[in-house]
Amino acid sequence: MRIAVIGAGYVGLVAAACLSRSGHEVVCIEKDEGKLAELQDGRLPFYEAGLAEIFTAGVGKGSLHFSSEVAACLDAEVVMIAVGTPARPDGRIDLSQIYGAVSRIVEQARFPQLIVMKSTVPPGFGENLKARLLSRAGVPLTYLANPEFLREGSAVRDWYYPDRIVIGGDQELAVAKLARLYADIDAPVVTMDVGSAEMVKYAANAFLATKISFINEIANLCELVGADILPVARAVGMDRRIGGEFLQAGLGYGGSCFPKDTCGLDFVSTCNGYAFNLLKAVIEVNNRQRVLALRKLRGMLGTLHDKTVCVLGLAFKPGTDDIRESPALDIINLLLDEGVKIRVYDPLAMKNAQRLLPPEVYSASGTMAALEGCHALLVATAWPEFTGLDWTAVKELMRPPRLVLDGRNCLPAEEIIKNGLVYQGVGRPAKPENQPGNIILPKSDRTPFRCQVTRC
Ligand SMILES: NC(=O)c1ccc[n+]([C@@H]2O[C@H](COP(=O)([O-])OP(=O)(O)OC[C@H]3O[C@@H](n4cnc5c(N)ncnc54)[C@H](O)[C@@H]3O)[C@@H](O)[C@H]2O)c1
């Protein structure tokens, strides 16, 4: 089949490369000149495990092409939309990239095409788009919702082994045609109307975000009552009705999806006159986890002014170079406001982070270089290479009080303490001889981050 994918981001490029590998003729359209130049030069604009091989093979055999022109998709039977749908500062969903892409297709379409929405859009959007825009095309354009559930860091694997494929649409033949596109993927295809398919994506992300905020609340309570979140979460997750994934306490979720999708769903609820109180709490708890980290550092270092803090891990999670909505960057900004000197290192995300971080943040060439002369270490991303550090050497490099704040509960606490450093995790029991105490944010504290949706 001839397929066009609009948007060469984490979703679009993975879809384009994997579909070309499945034997389809794929053109991927990207409007960012820098990204396009890299792609046409045979280089990936971001890191994603396993993608380089598939991309190189597709380009090599001539079944994967790149273009900046929407006109390049006019010969395709299927056009997949995989452009960004970021959040606006007030929590609204910015759909301008979609309108930009789709209006060009509507203007130029020459024969009937299947428009497949892989971008995450609010429930109701697809029907609206059909009525207001697609109906204006000179030829029939059939619309299907096909939300994407892949995760950065395991996107290629998730493409081939999804838990389900969701297709929303009211035209049976079109739905069957799209399902055939995924014929080599062994997963149930769940069909429904467009609005319901759109809701599945938001509901799934909101639920996963809820699990994370829930376990973070339990972790905060563990600190107060002297329990340990690690065995608690493990045993809770062993209940098959709950499941162990997304029960890791820490600095909260980040990335390009959960923050914007939870805020987006909250906004949709508000617009429909419904107060989604559970979701509001999930967002607030997530924002608070970042502030709690700052409070812990302040509580353990005394005054923060003129202290030096090393932040290891800038990507929003391990396995990616994506720093969008990364908790690490929010915490760094909070620390800079308090006059802290910051030294950072991340195995993959340094280039992306340097574009956002102010010049006074020192970008180190490696983990040990980042730790030199620091009073405290904050591990913000659970990269495997941070877990196996030589803690004797770390102690030599750091300055008292040599505090290790394990923001992802991924470090060997006992070994760190044995080496004479002060360890604090998230929801881990306080050890009076090693820890100055846990600080819990008062309920009245509100966080300085985006997405306090109050009106529509
Ligand atoms: N990143 C994820 O893990 C993930 C997972 C599931 C769903 N999603 C959803 O998929 C969508 C895409 O996410 P992403 O992370 O790949 O976004 P992204 O920002 O990484 O990539 C989007 C790309 O589309 C390009 N683009 C925008 N308008 C264009 C146009 N008119 N023509 C050509 N190119 C255009 C942009 O330049 C950008 O490169 C979003 O709605 C997101 O919520 C993302």
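# Ligand and helix contacts

Visitor: What makes the pairing of Val 11 and the ligand a polar contact?
Guide: A backbone N or O atom of Val 11 is 2.9 Å from an oxygen atom of the ligand. A polar contact is a pair of N or O atoms within 3.5 Å (within protein, one must be able to donate a hydrogen and the other to accept it, and residues adjacent in sequence count only if both atoms are side-chain atoms), so this pair qualifies. The model is predicted: local features need pLDDT of at least 70 and side-chain atom pairs pLDDT 80 or more, while totals for chains, interfaces and linings use all residues. Residues are numbered from 1 along each chain as its sequence is written, and side-chain values use heavy atoms, without hydrogens or water.

Visitor: Which side chains have an N or O atom paired with the ligand in the same sense?
Guide: Thr 85 has a side-chain N or O atom 2.6 Å from a ligand oxygen. For Ser 256, a side-chain N or O atom is 3.4 Å from a ligand nitrogen.

Visitor: How many residues surround the ligand, and which are the closest?
Guide: The ligand is surrounded by 27 residues, the closest being Glu 30, Lys 35, Thr 85, Glu 152 and Lys 260. A residue counts if one of its heavy atoms lies within 4 Å.

Visitor: Why is α8 called oblique to α9?
Guide: The axes of α8 (residues 194–225) and α9 (residues 229–237) come within 10 Å and cross at roughly 140°. Under 35 degrees is roughly parallel, over 145 roughly antiparallel, 65 to 115 roughly perpendicular and the rest oblique, which makes α8 oblique to α9. The crossing is right-handed. Ile 215, Ile 218, Ala 219 and Cys 222 of α8 meet Ile 229, Val 232 and Ala 233 of α9 (contact means heavy atoms within 4.5 Å). By class, this contact of α8 with α9 has seven nonpolar, no polar and no charged residues.

Visitor: What makes α8 and α10 roughly perpendicular?
Guide: α8 and α10 (residues 258–271) pack at about 115°, with their axes 9 Å apart. The two helices are therefore roughly perpendicular to each other. Their crossing is left-handed. Residues in the contact include Met 199, Tyr 202 and Ile 212 of α8, and Phe 258, Asp 261 and Leu 265 of α10. The contact of α8 with α10 divides into eight nonpolar, three polar and two charged residues.

Visitor: What makes the backbone at Asp 306 worth a note?
Guide: Asp 306 has a positive phi of about 70° although it is not a glycine. Asp 306 is in the loop between α11 (277–301) and β9 (308–312).

Visitor: Which peptide bond is cis, and where does Pro 401 lie?
Guide: The bond from Pro 400 to Pro 401 is cis, with omega near 10°. Pro 401 lies in the loop between α16 (391–397) and β13 (403–406).

How values were computed
Axes fitted to C-alpha atoms, helices over the stretch in contact; angles between N-to-C directions. Helix = DSSP H or I, 4+ residues; strand = E, 2+ residues; numbered from the N terminus. Left-handed = near helix turned anticlockwise from the far one by under 90°. Nonpolar A, V, L, I, M, F, W, Y, C, P; charged D, E, K, R; others polar.
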